[in-house]
Every structure is written in structure tokens, then in C-alpha cells.
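I opened this notebook to keep track of what I looked up, one entry at a time. My aim was to go from the parts of one chain to the way the copies sit together.

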Number of protein chains: 4
Amino acid sequence: MSPKSKEQFDEMRQKSRAKIMEVALELFAQRGYHHTSISQIAKAADISKGLIYNYFESKEALLRDIVMEAVSQFDDIEAVLQSMEGTATQKLRWVTETAIETVLKDVKHWRLLTSLGLQTDVLTSLKEALRTKTENAFALSIALFKEMGFDNPKQEAYIYGALLDGMVLHYVSMTQLDMEYPLEEMKQFIFKRYNL
Amino acid sequence: MSPKSKEQFDEMRQKSRAKIMEVALELFAQRGYHHTSISQIAKAADISKGLIYNYFESKEALLRDIVMEAVSQFDDIEAVLQSMEGTATQKLRWVTETAIETVLKDVKHWRLLTSLGLQTDVLTSLKEALRTKTENAFALSIALFKEMGFDNPKQEAYIYGALLDGMVLHYVSMTQLDMEYPLEEMKQFIFKRYNL
Amino acid sequence: MSPKSKEQFDEMRQKSRAKIMEVALELFAQRGYHHTSISQIAKAADISKGLIYNYFESKEALLRDIVMEAVSQFDDIEAVLQSMEGTATQKLRWVTETAIETVLKDVKHWRLLTSLGLQTDVLTSLKEALRTKTENAFALSIALFKEMGFDNPKQEAYIYGALLDGMVLHYVSMTQLDMEYPLEEMKQFIFKRYNL
Amino acid sequence: MSPKSKEQFDEMRQKSRAKIMEVALELFAQRGYHHTSISQIAKAADISKGLIYNYFESKEALLRDIVMEAVSQFDDIEAVLQSMEGTATQKLRWVTETAIETVLKDVKHWRLLTSLGLQTDVLTSLKEALRTKTENAFALSIALFKEMGFDNPKQEAYIYGALLDGMVLHYVSMTQLDMEYPLEEMKQFIFKRYNL
DNA sequence: CATGAATGAGATTTCATTCAT
DNA sequence: AATGAATGAAATCTCATTCAT
């Protein structure tokens, strides 16, 4: 009835889609994918169950889109890094800070991805994306450590990665258990270790 | 009186209970708690659904018992350590080796515990157990690092823990994605780092 | 906004809810609460099992709602009586007739309530309602008998109640056994006894 | 092994049977037939589930036997009455007292029978027994009232029965609801009414 | 005679998905 | 585009009954 331009419609659609994904991510991360029902998502997003199916083919498709979005955040980091000036040391500092920041800002994404990574039956469509993301992350830090002159840049990349993900894992788990975790102190340790 | 002796019944019970827990752990770790059905467990254990309820009050109780069992494995490590002779360095080496060994032998337990730790709605009865386990693990390694003369043994314990769990996390996730992970090499790195 | 108006949805809800309660009452009264399955109710109401859970949280909640509805019928009788003109004798006659009429029209409700009253594990939420109903019924007839000048109106109320419920009990039980029961004759007896 | 005479065996069997029936009656009356499980009966009787099937063909057969036993108690009353000396008035007094006494001593039986009587699907094998019992009870009191010179002995029998069962119904229901019921006073009323 | 592990049918309940409007 | 009633398959759980010993 009311004359709305195509753009307006598209914008509304995007907004609705985003809202659903946001709410779903929250719940998936909190309660797990299988333990979250479409009803719960609809209620939390304050829309009808049916509408969700207007935007996503199925619950699984919704999860897929959320995961893809999460993965693409890392692509963003990479892209910025590519076009960044400065020494490898500067870049590593920035990557470290940004990675931790991103994770903290989006613990939910990290939690969801990690949970999925622990399960065998990762949706096959996701497997490829997760693999690519993992490879890229390693490739990126290997390059940096090589540039920084490390003897065994590959090993160092694995150590750096284990430290970072180990920290976050502990941070998230312990927060869940109402325990304190010295995340900031740990970050400083990494800076010191690599003279960042 | 009874034509089947108490011992016979006890043995049957133990065997069935153990079988159920073993199969359930396998599936819970593989597919996640909520995504694993009692039917699947029964089929995999080659028993009837009903029997599971002869041994466990509910699916949740089954999970609880499995988790408790997993947690108690760490208690075992601790107990051995208590009664162990030798320097802190020797002990740390032993702990590191045993921890990795135990995790590898029981990736399932580790996966299950880690998954649960990532979710908000950890059964409250488990929360306490997981917290205690976490506290004990840290206390133990803090003590070792103090004995080894570290300036900041608490920080070192967190770093050591993050490295170890980060490694395992990567190992498990990447194995899931059919990627290689240089676990042995990483272990050697830890040995070198602490002169073990 | 919504292409099916709120009113339409409301009407659908009311109709389905009522249908379920009606069918469930029938079956609960006929076969007993525990012996009636949700499947049977669904089949009898010609709907899916799932739909019942759209309207009632659980089988027990369904029972609760039905009982509450039954209890409220007696409230109706009371309300009319309150606003009624005439002597106590006239009122007693009306109450007697209406009570028997109501019970006959809704033997199911009476049967259900009586059955529940015979069991120890009446849902605690119902206990209060049933107690209140009982107290009100007695209070009401005590008042009438007092107004009618009885020496011991409380005793008379208990006798009147016993007679009435005894009659109905026999009527229902004997009908069940394909036996005749002279309900009309019994009613006349009560009328004569109290000169109604 | 141990040499036990046939009589001893039989006695033991009878005792076990009786124990099971006693416990089952208790539970059936309390929680309802369908809501009582064989396991519960076994636990309450401190025997194994299997043993119950040594004495009763099925859960239903157990119920049947209990009901038959209950019904036969009334036969006992009748038998005594047959061989009793005295006027109809004396007999009625004795019947009234004994009936109330029996019911109080065995509320459970009364509750069970009444509950069953309220349900449509009384086991067909019981229907006949219940019908006979009902007919006998009425025949008995009709005879007494005729002897006592009542104009309409049949009607009086129905009134007497309604009063008696109504009283008991109220007594049981109200006891269930933690309310007081003046059973003794009511009995006295019946005595007065018939000059017993 | 007695046990209780084990079964399997069926009960209650949940939930992704469809569909009429 | 939006709603939520309705479905049906599958999940969790219960329980009468059997059976090896």
C-alpha cells in the first residue's frame, strides 16, 4: 500500500535479518545450537516464528550464516593488516590487540566457533570455511614471525596461537564459572615475550 | 536365598553402567550433549532405552556422572604427584607428559569438559566440581613454579596452562578438520622452555 | 500488520482450548486421570498431540484448569443465590433442584472431582480450591437451615449434604453398573423432608 | 533343601500373598490403580518385582483379587446378620455400627471400590461382583425396613444407603483435605432417625 | 521360591517446520 | 511481509512383564 522504495525494503530486510542473527548468536553461544529453539529465538527477537523462515531456509542455514559472518570478521583483520604500514613487530602488536579485542567484543562468536570446532559433526558446509580460516590465521602469523627473524617461524606461530587461544579459552570458561581471569596481565606477557 | 548371588548382580550392574557411560561419553563428546539422544546411546551400547534409566535417573544425571568421572581423573594425577619423589623440575616434566598423555588417551573427556565450560547453562551441580578442578590444577602448578624459583609463579602457571590447553584445543579442532597438528613438537617446546 | 487479526487468533485459541478441555474432561471422568493419555485426548479431539501443549503446559496443568472450571460452576450457583429474593425455604428448593440439575448435566465434572477427592495425592494446587469449595458449600446451606429455624443447622447441613452426595454417588455408580436408580423419587423425598 | 511340610509352604505362600495384597491395597487406594507401579508395590512390600508375578498373574489380577476380598467382607456382614437373633431394629443398629466400623477400619477398601465405581471401564470381571454386592446390600436393608413396618421400605433403604455412603464420602474426602468431619455425630443422627 | 537386570511398548513432552490468512 | 495455530517426528522417560540363574 504505502509506497516504499526498493531500497527501503531492502534496508528493512537487512535490519530484520541482522536482528535475528544477533539474537540467535547470543542464544546459540549461551545454550548451544541444539539446545536453542526457534521459538526462543523468535521470542527474544520479538518477532514470530514464521518470520524467521522468511529470512533463513532453516535453523541450520541460520547457524551457517552466523558462522560465516564470524569467520569473515577474521578476514577483515587480515585485510586491514595487508594494507598496513610498519614493521612486523608493530603489526604483531596490532594483531594481538585487535584479536583479543575482537574476541572480547564478540565472545559469543568465539564461543560458538570453538564449540563447533570441538564437535565431530560440524556441518560439512562449515568445515571448508573453518579450515580456510585456520590456515589463513596460521599463514598470517607465520609470515610475521618470519619477518621478525625467528629461527622456526612456524613453530612460533603455533605457540603464539596456542597461547592466545588458551588464554581466551581459560578466560571464557572461568568467567562462566564465576572465577577471575587475568586477561590483561596475560596480554602484557605476550607483548613482553615478543618485545612488542 | 537368592539364586543369583549379590556378587553376580553387582558385576552385571557394574558392567552395564560402565558400558553405558563409555558409549555416552563417546557420543556426548562427538556430537554434543543435546544432540545425542538416549536412543542413540542405547543403540550404540546395544541395549534397550529403558535399561539406561535403570542406572541413571535421567539423561542429565548420566552426563553428571560422566563429568564427575572425568574430573576425578585429574584428582588421580594430583594424588600421584603428592606422593612423588624428586625435584620440582622432574615433577613438572612428569605432569606435563602425563597431562598430555591423559588428554590424548581421553580426548573425549577433555572435549566434553571443554564444551561444557563454554556453555552458560552448565548444570549447577557440575559448576562446583568444575570450579574445584580448575582451582586445584592452578594451585598445583603454581606450587611447582614457586619451587622452581620463578619470580611470578602465578603468572607462569597461567601461561603454562594456557599453552597446554591451547595446544590441545588446536590439536582437537584441527584433527576434526582433517588438518595436521605438531603436538609432539609443541611438547618438546614446553620441555625446552622450562628446561625439563 | 498481521494478516490474521488478533480477534481471529483469539477465537481459534478459545475454540481449541475449549475443545481440548471438553474432551479431556470426558475422558478423565470416564477412565480416570492417570489412565487417560494425551494421545487419546488428541485423537478424541481430532487434533495433534503437540497442539495440546500449545494450550496447556502439561497434562497436570490441563487437569488443573478443568478442575478449576468445575469448581467455578459452584461459585455460579452461590452467586445467583446471593442475589435471589424469597424465603430460605424457596432458596433451599432452588438450590436442591439446581444442584441436582447441574450435577446431572455435568456428571463428568462431579465424577472427576469426587475421584480426585478420594485420592491422597491431589495436586497441592487443587487442594486449596477443593477445600474452599467444600467450605463454601457447607457455609451456604448452614445459613439456609439457620434461617429456616433448625435447632442444629450445622448438623442439618451435614445431613443434607450427605444425602445429596450419597444420592448422586449411588446414581453414578449404579448407572455405571447398568442398574436403575430412582433419582427423581429421591429428590421428592428431600423436598418432603424439608417441606420445600 | 530343608524339609518343609506342604502345610508350611502353603502357609508361607498365604502370608506372602496377603502381604502383597495389603501393600497394594494401601497404594491403590492412596494413589490410584494406574498411578501405582509394580515396582512401588514390591519396594513397599520389601520383596522383588518378580515375586509378585509368582502370586498374581498380572497387575490387573492383583486388583481383581483385592476387590473380591473387599466385596467378600460385606458378605461376611450379611452372613452374620442371617444367623443373628433379635428385632429388626436391633439388627439395623448392628448393621449400621458394623458398616461404619468396617469402613473406618478399611477406608482403603472403601476408597478403592468407590473410585472404581466412578469409572466407566471397571474391569468387566469386576462388574458382576460389584453389581451383586450392591443388590445384596439393598435387599438386606429393604428387608429390615419392611420388618420395621416402613410404608415404603424400598425408598427408605435408598435413603439410608445414600445417607451412609454420603457420610463416608464426605468423611474420606474431607479427611483428605485436612478438614474435620463429625462422623460420630452423624452416626448418632442415624440412630435417632430410626430409633435404634 | 526369589531376584532384579533387561526389554519394549507406550506415555509425556519438545520443536522444526508449514500454512492459511 | 508477518502471524501464530497446527502438525508430526522424534526426544525423554515409565512401567508391566519376562527370564536367566
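Entry one, the spacing of the domains. I began with the two domains of chain A, and I found that the C-alpha centres of domain 1 and domain 2 lie 28 Å apart. I note at the outset that this is a predicted model, and I kept that in mind for every entry below. For the bounds I went to the domain assignment of chain A, which gives residues 1-56 as domain 1 and residues 64-193 as domain 2.

Entry two, where the domains touch. I then asked how many residues of domain 1 of chain A are in contact with domain 2 of chain A. The lookup returned eight residues of domain 1 in contact with eight residues of domain 2. Sorting the domain 1 side of this contact by class, I wrote down six nonpolar residues, one polar residue and one charged residue.

Entry three, the fold of chain A. I looked up the secondary structure next, and chain A came out with nine helices and zero strands. Following the chain along its sequence, I read the pattern α-α-α-α-α-α-α-α-α.

Entry four, extent and packing. Taken along the principal axes, the box filled by the C-alpha atoms of chain A is roughly 65 × 40 × 30 Å. I also looked up burial, and of the 196 residues in chain A, 31% are buried. For the contacts in chain A with a separation of 6 or more, I noted that 57% are between residues 24 or more positions apart.

Entry five, chains A and B. What turn lays chain B on chain A? I found a turn of 180° with a shift of 0.1 Å along the axis, which gives an RMSD of 0.3 Å. I recorded this as the relation of a two-fold axis. In chain B, the C-alpha nearest that axis belongs to B:Gly166, at 1.9 Å from it. The contact residues of chain B recur in chain A to 100%, and I noted that the same surface serves both copies.

Entry six, chains C and D. I repeated the lookup for the other pair, and chain D is superposed on chain C by a rotation of 180° with 0.1 Å of shift along its axis, at an RMSD of 0.3 Å. The residue of chain D that comes closest to the rotation axis is D:Gly166, with its C-alpha at 1.8 Å. Because 100% of the interface residues of chain D are also interface residues in chain C, I wrote that these copies meet through the same surface.

Methods
Residues numbered from 1 in each chain as written. Chains lettered and ligands numbered in written order. Predicted model: local features only at pLDDT ≥ 70, side-chain atom pairs only at ≥ 80, totals over all residues. Domains from an automatic or database assignment. Contact = placed C-beta atoms within 7 Å. Nonpolar A, V, L, I, M, F, W, Y, C, P; charged D, E, K, R; others polar. Helix = DSSP H or I, 4+ residues; strand = E, 2+ residues; numbered from the N terminus. Buried ≥ 20, exposed ≤ 12 C-beta atoms within 10 Å, placed from the backbone. Least-squares fit on C-alpha atoms with pLDDT ≥ 70 in both.
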